[in-house]
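Me: Please go through the structure shown here with me, one topic at a time. I would like each reply to set out its reasoning before it gives the value or name requested.

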Amino acid sequence: MQLSTGTKICIHIDFEMLIEEGLSRAAVVKRLCEEWNLKPVELEEIIKEQEEIAKLFLKLVRLEIAFFDACYE
């Protein structure tokens with residue numbers, strides 16, 4: 001299934017919110033698959049992709065902070 005980036009972000013936000021509410025990962029996957037009409041493998045792929053993007057974003061932010069810190073030493 002082809003989904004927009006915005007849709008993938010919304011799915012990942014839903015995932016994070018349900019995990020924060022204390023649901024098990026299996027329960028969250030089942031619920032989101034039903035809500036978003038996805039197969040579990042599709043949902044897991046979206047979650048993995050979004051988490052990789054978040055990690056890259058954090059690395060970029062850390063690099064920017066280090067750069068600005070070095071500039072103002």
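**Disulfides, core and surface**

Me: How many disulfides does the structure hold?
Reply: This is a predicted model, in which local features need pLDDT of at least 70, side-chain atom pairs count only at pLDDT 80 or more, and totals for chains, interfaces and linings use all residues. Residues are numbered from 1 along each chain as its sequence is written, and side-chain values use heavy atoms, with hydrogens and water left out. A disulfide is a pair of cysteine sulfur atoms within 2.5 Å. By that criterion, the number of disulfides in the structure is 0.

Me: Which cysteine holds the sulfur closest to that of Cys10, and how far away is it?
Reply: A disulfide is a covalent bond between the sulfur atoms of two cysteines. For Cys10 the separation is too far for a bond. The closest cysteine sulfur lies in Cys33, at 16 Å.

Me: Is Cys71 buried or exposed, or does it fall in between?
Reply: Buried means under 20% relative accessible area, exposed over 50%, and partly exposed in between, with a 1.4 Å probe and protein chains only. The relative accessibility of Cys71 is 46%. Cys71 therefore counts as partly exposed.

Me: Which helix supplies the largest share of the largest nonpolar core?
Reply: A nonpolar core is a set of buried Ala, Val, Leu, Ile, Met, Phe, Trp, Tyr and Cys residues joined through side-chain atoms within 4.5 Å. The largest one has 12 residues, namely Leu3, Ile11, Phe15, Leu18, Val28, Val29, Leu32, Cys33, Leu38, Leu43, Ile46 and Ile47. At least two of its residues come from each of helix H1 (5–20), helix H2 (25–36) and helix H3 (40–71), where helices are DSSP runs of H or I with at least four residues, numbered from the N terminus. The largest share, 4 residues, comes from H2.

Me: Which residues does Ile11 contact, leaving aside neighbours within four places in sequence?
Reply: Ile11 is itself a member of the largest nonpolar core. Contact here means heavy atoms within 4.5 Å. On that basis, the partners of Ile11 beyond four places in sequence are Leu3, Leu32, Trp36, Leu38, Leu43 and Ile46.

Me: What accessible area do Ile9, Ile13 and Met17 have together?
Reply: Patches are made of residues with over 30% relative accessible area and no salt bridge, like charges being joined within 9 Å and nonpolar side chains (Val, Leu, Ile, Met, Phe, Trp, Tyr) within 5 Å. Ile13, in helix H1, is partly exposed at 43% relative accessibility. Areas come from the Shrake-Rupley method with a 1.4 Å probe, and for residues only the protein chains shown count as cover. The nonpolar surface patch of Ile9, Ile13 and Met17 has a combined accessible area of about 270 Å².

**Polar residues and backbone**

Me: Which residues does Gln50 touch, not counting those up to four places away in sequence?
Reply: Gln50 lies in helix H3. Its relative accessibility is 8%, so it counts as buried. Outside that sequence range, Gln50 touches Lys8, Ile9 and His12.

Me: Which residue forms a salt bridge with Lys8?
Reply: A salt bridge is a side-chain nitrogen of Lys or Arg within 4 Å of a carboxyl oxygen of Asp or Glu, and the count by this rule is 3. For Lys8, the closest N and O atoms of the pair are 3.3 Å apart. Lys8 lies in helix H1 and its partner in helix H3, so the pair ties together parts 41 residues apart in sequence. That partner is Glu49.

Me: How far apart are the closest N and O atoms of Glu44 and Arg25?
Reply: Glu44 is partly exposed at 29% relative accessibility, and Arg25 is partly exposed at 41%. Glu44 lies in helix H3 and Arg25 in helix H2, so their pairing ties together parts 19 residues apart in sequence. The closest N and O atoms of this salt bridge are separated by 2.6 Å.

Me: In which helix do Glu35 and Arg31 lie?
Reply: Glu35 and Arg31 form a salt bridge, with their closest N and O atoms 3.1 Å apart. They are 4 residues apart, about one turn of the helix, and both lie in H2.

Me: What is the phi of Asn37?
Reply: Most residues other than glycine have a negative phi. Asn37 lies in the loop between H2 and H3 and is exposed, with a relative accessible area of 60%. Its phi is positive, near 55°.
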